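Thanks for coming. I will go through one structure today, contact by contact, and then turn to its surface and its pocket.

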Amino acid sequence: MVLSDKSIKEQLENGRIIIDPVDHSDIQPASVDLHLDSKFLVFTNSRQPYIDVKQSLDGLTELVEIDNDSPFMLHPGEFVLGSTTENIELPDDLVARLEGKSSLGRIGLVIHSTAGFVDPGWKGHLTLELSNLSRLPISLYFGMKIGQISFLELSTPAERLYGSESLGSKYQGQTDPTPSRFHQDFNK
């Protein structure tokens with residue numbers, strides 16, 4: 001079951017869902033609008049000839065930060081990592097879905113490739129997988145509405161929450177755009 005605006009407000013008020021900061025005007029009928037942070041991880045293709053998923057990718061990206069007035073220009077075909085300004089925290093019986101804004105999708109902006117699912121127990125800012133499918137650059141501004149998050153109730157509370165030691169969760173508590181840590185799966 002997807003939570004309605006009334007249920008989202010109740011969950012926020014009793015602290016079961018945390019969105020910080022939250023502006024109640026961003027609560028939609030069944031979702032909450034999220035905003036774009038000022039930091040981006042841009043891929044520097046000249047440093048490595050290919051992406052080896054067994055290796056750390058820390059040197060593959062470069063951090064770029066914009067100020068309040070200057071846009072980040074996302075070029076056609078470009079893929080960068082961004083982040084939400086909001087910290088999100090979920091209880092043991094809710095999951096969340098991150099989706100783009102339809103107005104931005106209509107100009108070719110995609111905010112996630114595959115990582116639109118947020119597990120119960122998640123705590124942190126959400127990394128955005130930003131792609132420009134259009135033929136023109138798209139200007140992105142700090143603080144603009146970038147996506148929306150909806151919440152779904154689980155049939156029972158999860159036994160192992162995201163962030164639990166037994167899961168080996170790689171992104172719990174992130175505050176900035178975070179590169180892939182998939183290589184850690186090979187070390188188990």
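**Salt bridges, rings and a pocket**

Let me start with a salt bridge: the side chains of Asp176 and Lys39 meet at 3.2 Å, N to O. Lys39 belongs to strand β3, while Asp176 sits in the segment after β12, so this pair ties together parts that are 137 residues apart in sequence. Asp176 has 28% relative accessibility and therefore counts as partly exposed. Before I go further, please keep in mind that this is a predicted model.

How many salt bridges does the structure hold? The count is seven. I will take two others besides the one I opened with.

In one of them, the side chains of Asp26 and Lys145 meet at 3.6 Å, N to O. Asp26 is in the loop between β1 and β2, the latter being residues 32-35, and Lys145 is in strand β12, so the bridge ties together parts that are 119 residues apart in sequence. Are these two partners buried or exposed? Asp26 is at 6% relative accessibility and so counts as buried. Lys145, with a relative accessible area of 38%, is partly exposed. The cut-off that matters here is 20%, with buried meaning under that value.

The other bridge is between Glu99 and Arg97, whose side chains meet at 3.3 Å, N to O. Glu99 is partly exposed, at a relative accessible area of 33%. Arg97 also counts as partly exposed, at 29% relative accessibility.

Which residues are joined into one network by salt bridges that share partners? They are Asp26, Asp33, Lys101 and Lys145. That brings back the Asp26 and Lys145 bridge from a moment ago.

The loop that carries Asp26 has another feature to point out. Pro21 also lies in the loop between β1 and β2, and the peptide bond leading to Pro21 from Asp20 is cis, with omega near 0°. As background, most peptide bonds are trans.

Now the aromatic rings. A search of the whole structure gives four aromatic pairs. One of them is formed by Phe43 and Phe79, and this pair is tilted, with 5.6 Å centre to centre and 40° between the planes. Phe43 is in strand β3, residues 39-43, and Phe79 is in strand β6, residues 79-89, so the pair ties together parts that are 36 residues apart in sequence. Phe43 is at 24% relative accessibility and counts as partly exposed. Phe79, at 31%, counts as partly exposed too.

Another pair is Trp122 with Tyr162, tilted as well, at 5.3 Å centre to centre and 50° between the planes. Where do the two rings come from in the chain? Trp122 is in the loop between β9 (117-118) and β10 (123-132), and Tyr162 is in the segment after β12 (145-153), so the pair ties together parts that are 40 residues apart in sequence. Both Trp122 and Tyr162 are buried.

On to the surface. Ile51, Val53, Phe182 and Phe186 make a nonpolar surface patch of about 360 Å². Phe182 is located in the segment after β12. With a relative accessible area of 39%, Phe182 is partly exposed.

Next, the pocket. The largest pocket contains about 660 Å³ of space. Its lining comprises 28 residues, and the closest to the centre are Ala115, Thr127, Glu129, Tyr171 and Thr178. Which elements give two or more residues to this lining? They are β6, β9 and β10. Strand β10 supplies the largest share of the lining, three residues. Strands β6 and β10 have come up already: β6 holds Phe79 of the first ring pair I described, and β10 follows the loop that holds Trp122.

One last item, on a glycine. Gly15 is in the loop between α1 (5-13) and β1 (18-20). Gly15 is partly exposed, with a relative accessible area of 42%. C-alpha to C-alpha, Gly15 and Gly108 are 35 Å apart in space, and they are 93 residues apart in sequence.

That is what I have, and I will take questions now.

Conventions. Residues numbered from 1 in each chain as written. Predicted model: local features only at pLDDT ≥ 70, side-chain atom pairs only at ≥ 80, totals over all residues. Heavy atoms only, no water. Phe/Tyr/Trp six-rings, centres within 6.5 Å; stacked < 30°, edge-to-face > 60°. Helix = DSSP H or I, 4+ residues; strand = E, 2+ residues; numbered from the N terminus. Buried < 20%, exposed > 50% of the residue type's maximum accessible area, 1.4 Å probe, protein only. Patch = residues over 30% accessible without salt bridge, like charges linked within 9 Å, V, L, I, M, F, W, Y side chains within 5 Å. Areas by Shrake-Rupley, 256 points an atom, 1.4 Å probe, with all protein chains shown as cover. Salt bridge = Lys/Arg side-chain N within 4 Å of Asp/Glu carboxyl O. 1 Å grid on protein atoms, 1.4 Å probe; cavity = no way out; pocket = protein on both sides within 12 Å on 5 of 7 lines; lining within 4 Å. Points joined across faces, edges and corners; volume = space filled by probe spheres on them.
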